[in-house]
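Please open the model in a viewer and keep the sequence panel beside it. The tour proceeds by selections, each followed by a short account of what is found there.

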Amino acid sequence: PISIGGLPFVHSGDTSYCTDLYDEECPYSGSNSPEAVYAIVASRYQVMQIDLCASDYDTKLYVYENEVTAGDPYACNDDGCPGSPPESYRSILEQVEMTAGNTYYVIIDGWGGDSGQYALDVQDVTPRTAGDLNCDGSVDFMDINPFVAALSSPEAWQAANPTCNLMNADTNDDGIVDFRDINPFVSLLTP
């Protein structure tokens, strides 16, 4: 598989040169199209949008969690992009939840033998509330200890808060959780 590193991730390719190894019913089956395979290792809880809407053919898109589970994909879509045909014959997964430490295999497939040029766009759309480190929906004094925990041991904090966004601790919006977030965090606590 091709590794998906930093986000957002945009990549293009051509499945015409790939092999047909997979097929999932989402909701259409019976495809003998070749596939391209990508892999994402979630470093934290994340919600992803994965789309093939700018591709040149009738796509199918599915995701497996940690291993291939034929007949039981983690997420699956065929014909989900906005617009009218042929645009609407392309695929999008809008809210794929990913757990820290798990590997997710993104399969770019086609329907009915279709293959061709694809454009993969992967975006992190994880809900974020700066300063809300106990994930109760508000920023208050109850967030102080979780904030300190997120700064001192992000991995332990994520393990204790598996569906919460670690980037809530990035209160200065520089894309990094570090000591520079302390003053902006304190400012969020001050009415």
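The stops below pass from a sheet to salt bridges, then to backbone geometry, and finally to helices and a surface patch. The model is a predicted one.

**Stop 1: the open sheet**

Begin by selecting strands 2, 9, 4 and 7, and display them as a cartoon. These four strands make up an open sheet, arranged in the order 2-9-4-7 with antiparallel pairing. Its edges are formed by strand 2 (9-14) and strand 7 (92-98), each of which pairs on one side only. Averaged over the sheet, and with direction ignored, neighbouring strands are turned by 20° against each other. Strands of a sheet are held in register with their partners by backbone hydrogen bonding, in either a parallel or an antiparallel sense.

Next, restrict the view to strand 2 and strand 9 (residues 117-124). How many bridges join strand 2 and strand 9? The antiparallel pairing of these two strands extends over six bridges. Within it, select S12 and look across to strand 9: the residue standing opposite is A119.

**Stop 2: salt bridges**

Four salt bridges are found in a search of the whole structure. Three selections follow, with side chains shown as sticks.

Select D23 and K60. Their side chains form a salt bridge, with an N to O distance of 2.6 Å. D23 belongs to the loop between strand 2 and strand 3 and K60 to strand 5, so the pair ties together parts that are 37 residues apart in sequence. Are the two partners buried or partly exposed? D23 is partly exposed, at 29% relative accessibility, whereas K60 is buried, with a relative accessible area of 0%.

Move to D124 and R44, whose side chains also meet in a salt bridge, at 2.6 Å from N to O. This pair links distant parts of the chain, 80 residues apart: D124 is in strand 9, and R44 is in the loop between strand 3 and strand 4 (46-51). With strand 9 still displayed from the previous stop, D124 can be located in that strand. D124 has 27% relative accessibility and counts as partly exposed; R44, at 13%, is buried.

Now select R180 and D178. Here the side chains meet in a salt bridge of 2.4 Å, N to O. R180 is partly exposed, at 44% relative accessibility, while D178 counts as buried, at 13%.

**Stop 3: cis peptide bonds**

Display the backbone atoms of L7 and P8. The peptide bond from L7 to P8 is cis, and its omega is near 0°. P8 is placed in the loop between strand 1 (2-3) and strand 2.

Select C26 and P27 next. These residues are joined by a cis peptide bond with an omega of about -10°. P27 lies in the loop between strand 2 and strand 3 (36-41), the loop that also holds D23 of the salt bridge with K60.

**Stop 4: positive phi angles**

Which residue between strand 5 (59-65) and strand 6 (75-78) should be selected? The residue is N66, located in the loop between those strands. Its phi is near 70°, a positive value in a residue other than glycine. At 40% relative accessibility, N66 counts as partly exposed.

Continue to D79, in the loop between strand 6 and strand 7. D79 is not a glycine, yet its phi is positive, at about 65°. Its relative accessible area of 28% makes D79 partly exposed.

**Stop 5: helices and a surface patch**

Select N161 together with W157. N161 is in the loop between helix 2 (154-160) and helix 3 (182-189). What lies 2.9 Å from a polar atom of the N161 side chain? The backbone oxygen of W157 lies at that distance. N161 has a relative accessible area of 19% and is therefore buried, the limit being under 20%.

Finally, show the molecular surface and select F141, I144 and V148. Together they form a nonpolar patch on the surface, with about 290 Å² of accessible area. I144 is located in helix 1 (residues 144-152) and is partly exposed, at 31% relative accessibility.

Note on methods:
Residues are numbered from 1 along each chain as its sequence is written. Side-chain values use heavy atoms; hydrogens and water are left out. Patches are made of residues with over 30% relative accessible area and no salt bridge: like charges are joined within 9 Å, nonpolar side chains (Val, Leu, Ile, Met, Phe, Trp, Tyr) within 5 Å. Accessible areas come from the Shrake-Rupley method with a 1.4 Å probe; for residues, only the protein chains shown count as cover. Buried means under 20% relative accessible area, exposed over 50%, partly exposed in between (1.4 Å probe, protein chains only). A polar contact is a pair of N or O atoms within 3.5 Å; within protein, one must be able to donate a hydrogen and the other to accept it, and residues adjacent in sequence count only if both atoms are side-chain atoms. Two strands pair if DSSP finds at least two bridges between them. Axes are lines fitted to C-alpha atoms, for helices over the stretch in contact, and angles run from 0 to 180 degrees between N-to-C directions.
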